[in-house]
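Here's a short set of exercises to work through with the model open in your viewer. Try each task before you read its solution.

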Amino acid sequence: MSPYRPEFSPSEQSTIDAEFSRLARNKSVYLDHAGTTLYAENQVKAAAEQLQRTVICNPHTCRTAGDFVDQVRFKVLEFFNTTAEDYHVIFTANATAALSLVAENFDFGASGDFHFCQENHTSVLGMRERVQAKGIYMLKEDEISGGLAKRNGKMAQEGCRKTGNSLVTFSAQCNFSGYKIPLDAIGKIQNNGLSQAGKQTWGSVAESKESTHNDYYICLDAASLVATSPLDLQKHRPDYVCLSFYKVFGYPTGVGALLVSRRGAEAFGKRRFFGGGTVNYAYPHSTDYQLRESFHQRYEDGTLPFLAIVGLLEGFRTLERLVPKTAEHGTMERISRHVFGLAQYLEDQLKQLKHPNGEPLIRLYNKAGYQEKSRQGGIVAFNVLTESGSYVGFGEMACVAALHGILLRTGCFCNIGACQYYLGLDEDAMDAIYKRAGRICGDYFDLIDGRPTGAVRVSFGYMTTIQDVEELLKMLRSSYLATRPQQRIRFIEEQAEQLPPLLKERVQLLRPKLLQMAIYPVKSCAAFKIESPGSWPLTDQGLKYDREWMIVDMNGMALTQKRCTELCLIRPVIKADQLELQFGADSAVSVPLSLEDQASDSAKCVSKVCRQPVEGLDCGDEVARWLSQSLGLEGLRLLRQSGQRNSSKDQQKLSLVNQAQFLLLNKSSVRSLQFEESLEETVDRFRANIIIDTGCAFEELAYKALTIGGLRFQVEGPCQRCDMICINQRTGERSPETLTTISRLQQGRMRFGIYITRIPNDQPDSEVKEQQMTCGDTVLVE
């Protein structure tokens, strides 16, 4: 990779820097030019001076205002290398309003269809609600740019009768990734149509489009592209071009344009609305009216935002002044070279960022890489990864950036289709994010089961410097390579008051939470799960009722899944005063939950757990017969622990567990296994009591102590796994590769999950026993 080469000369750069000195004064690094670029200081001064020295009023009243507007119309056409002979300029509020205008007025005829690209701004999706098309279809990007036009020459053969007009809408530059669709696709589709209609999202039963003879028109969402790249309308001639001027100049806001070609104008149907200024006359006593002769006047409803439009003149002058054209390149071409060079440099540097274990820090999202300016703009989209390959939520990244004075964008950037494509989200995953989890555009709900719902985006303008890029890289290195996760979280929490309200809310989610508790009333049988927002009481032995019963064989030895895998199919349900055991859909038996009730009608007996004797109560013949019948083994009995059992090391009170009061599992560690089963099935294999998700796989193995919802725990050590985890807890089937996978990830060791024990406090035993844990409790690592 060659080093960064500046596009601007030192004197040019100095002049530009002086126009944006407020960034240095505010200690801000601005990297969201795809959202809006920044205005130059002398640009707004000159615009204000013009307003002060000139009387500019309603164009319907003032000739001066109309002249200014006409000047801007000419400058817009000149900016895109075209003339009034080829394109009309209709001023709108923004690119969204321009897209809406096309949707409302395009005449689809009897058989026209609406096709849009998956990787489009939300406003393009909004067109679906207004178009009067026969069918609506979603195209993948390669179905537009991949040379898939009709291979049999002209789509409309001589003598074929056209019955409609079809409209294809796509973004010239993806505002998510910066990928540029080759504009050669415009002419190919206009001349030859589409070889594939795309995925039908609305309309009657899909029909073959191979024989369609509609004329095809192109609506180009150019808002992202023209902010930093030239668009030559002599070379490429879309029928409709939509843009927002604040993306180009920073100021003024509230004004955009729809450029309509002569061909495109012919496909506009009769207006279903007209506003003031669009008609020669309109009678109140009848429905007679006559639209203006000038095409653009028919569609500029009401009074134009004339002061904003006049302000555009200084925007054009400022660009030409700060980035003067050279003998080789025009202003916008130079800006394009500048932002592409920065993006290319950043992409190369991000690829070099590695964790100490050699794993990459960054996952980039782009299609064509950063080799060709014609295919990639000044945008870099990515997510941050932990050293185990888990994702860091973009909400956390937004907090870190804000506290370092870096302004960037996170989420899906109003482009859910691109988000879906780059993050590999299928339709069910989309429903899980938006319908079931309730995520909405603009929030910081960034991870679901460890998978990102959006990304981080940095984007450049002509005023962005290489120093700005270095500040971003410095932040990433210091915050994610030189700092441990707990240190980073502590830094964010300590500075949270400096963050905007939405990010303050996100700070509350930085610490891992208790996601789920699992109680195993009968040793080696299935779990009884407590989900959010449920709570569960604690005893001095652990979670109440956990491993309080066990099944023994005719010799009094504990029966485990190692000998009988079907034990996992016995499902316990804890009810008001009963423990119900279920096997299959229709077979169940119950025993009392009250130890006193059990003791009044039970014989005492002794068994062993981990070579320690255990005093128990036999739960009777009825449950014994049920167990033997369900599992197909003779002589089985159900025992309930009745006597004291202490750990051999520190005399902690234990139930019928093997080693410690609780087994904690990090869902991120489970996720790293990538088994071909649901994540929940894999979690179940490890039979943990406490499930958390830190976002970083295996970090729990380094814990010494932790607090969950105010309760303190000490870590006894990692759980050394045996082949019991090879059993699928929902089916009883064995899969030996579970152990080999863990061994590979742990360099030959079989550690997965950690044993923890509650640290007693000074409260009386009666109060300790009444304490509870609640799903959603914050987990703090000490």
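**Exercise 1. Work out what share of the contacts with a separation of 6 or more comes from residues 24 or more positions apart, then sketch the overall build.**

Solution. Start with the contacts: in this predicted model, 71% of those with a separation of 6 or more join residues 24 or more positions apart. Next, take the secondary structure, which comes to 25 helices and 36 strands. Then get the extent: the C-alpha trace spans about 105 × 60 × 55 Å along the principal axes. Finally, check burial: of the 782 residues, 55% are buried.

**Exercise 2. Find which residues touch the most other members of the largest nonpolar core, and follow Leu476 outward.**

Solution. The largest nonpolar core has 123 residues. The members with the most contacts to other members are Phe91, Phe176, Leu231, Phe245, Leu259, Tyr462 and Leu476. Now pick Leu476 and skip its neighbours within four places in sequence: what's left is contact with Leu350, Leu353, Leu361, Ile362, Val384, Met397 and Leu481. Apart from the largest core there's another one, of 46 residues, which includes Ile551, Leu664, Tyr703 and Cys775.

**Exercise 3. Describe how helix 14 and helix 17 pack, and classify the crossing.**

Solution. Two numbers do the job here, since a packed pair of helices is described by the angle between the axes and the distance between them. For helix 14 (residues 394-403) and helix 17 (residues 466-480), the axes come within 11 Å and cross at roughly 115°. An angle of 65 to 115 degrees counts as roughly perpendicular, so helix 14 is roughly perpendicular to helix 17. The handedness of this crossing is right-handed.

Now list who's touching. Helix 14 contributes Glu396, Met397, Val400 and Ala401, while helix 17 brings Met475, Leu476, Ser479 and Tyr480. Sorted by class, that contact holds six nonpolar, one polar and one charged residues. Leu476 and Met397 should look familiar: Met397 was on the contact list of Leu476.

**Exercise 4. Do the analysis again for helix 3 and helix 12: what are the angle and the axis distance?**

Solution. Helix 3 (residues 41-53) packs on helix 12 (residues 306-322) at an angle of about 140°, and their axes lie 9 Å apart. Roughly antiparallel needs an angle over 145 degrees, so this pair is classed as oblique. The crossing is right-handed.

On the helix 3 side, the contact uses Asn42, Gln43, Ala46, Ala47, Gln50 and Leu51; on the helix 12 side it uses Leu307, Val310, Glu314, Gly315, Thr318 and Arg321. Class by class, you get five nonpolar, five polar and two charged residues.

**Exercise 5. Lysine 667 and glutamate 681: is each of them buried or exposed, and what does each one touch?**

Solution. Begin with Lys667, which sits in helix 22 (residues 667-671). Its relative accessible area is 10%, and the cut-off for buried is under 20%, so Lys667 is buried. Leaving out residues up to four places away in sequence, Lys667 touches Asp449, Leu515, Leu679, Glu680, Val683, Ile692 and Asp693.

Move on to Glu681 in helix 23 (residues 679-685). At 19% relative accessible area, Glu681 is buried too. With the same neighbours in sequence left out, Glu681 touches Asn728 and Arg730. For one last distance, take Glu681 and Glu737: they're 56 residues apart along the chain, and their C-alpha atoms are separated by 15 Å.

Conventions:
Residues numbered from 1 in each chain as written. Predicted model: local features only at pLDDT ≥ 70, side-chain atom pairs only at ≥ 80, totals over all residues. Heavy atoms only, no water. Axes fitted to C-alpha atoms, helices over the stretch in contact; angles between N-to-C directions. Helix = DSSP H or I, 4+ residues; strand = E, 2+ residues; numbered from the N terminus. Parallel < 35°, antiparallel > 145°, perpendicular 65-115°, else oblique. Left-handed = near helix turned anticlockwise from the far one by under 90°. Contact = heavy atoms within 4.5 Å. Nonpolar A, V, L, I, M, F, W, Y, C, P; charged D, E, K, R; others polar. Core = buried A, V, L, I, M, F, W, Y, C linked by side-chain atoms within 4.5 Å. Buried < 20%, exposed > 50% of the residue type's maximum accessible area, 1.4 Å probe, protein only.
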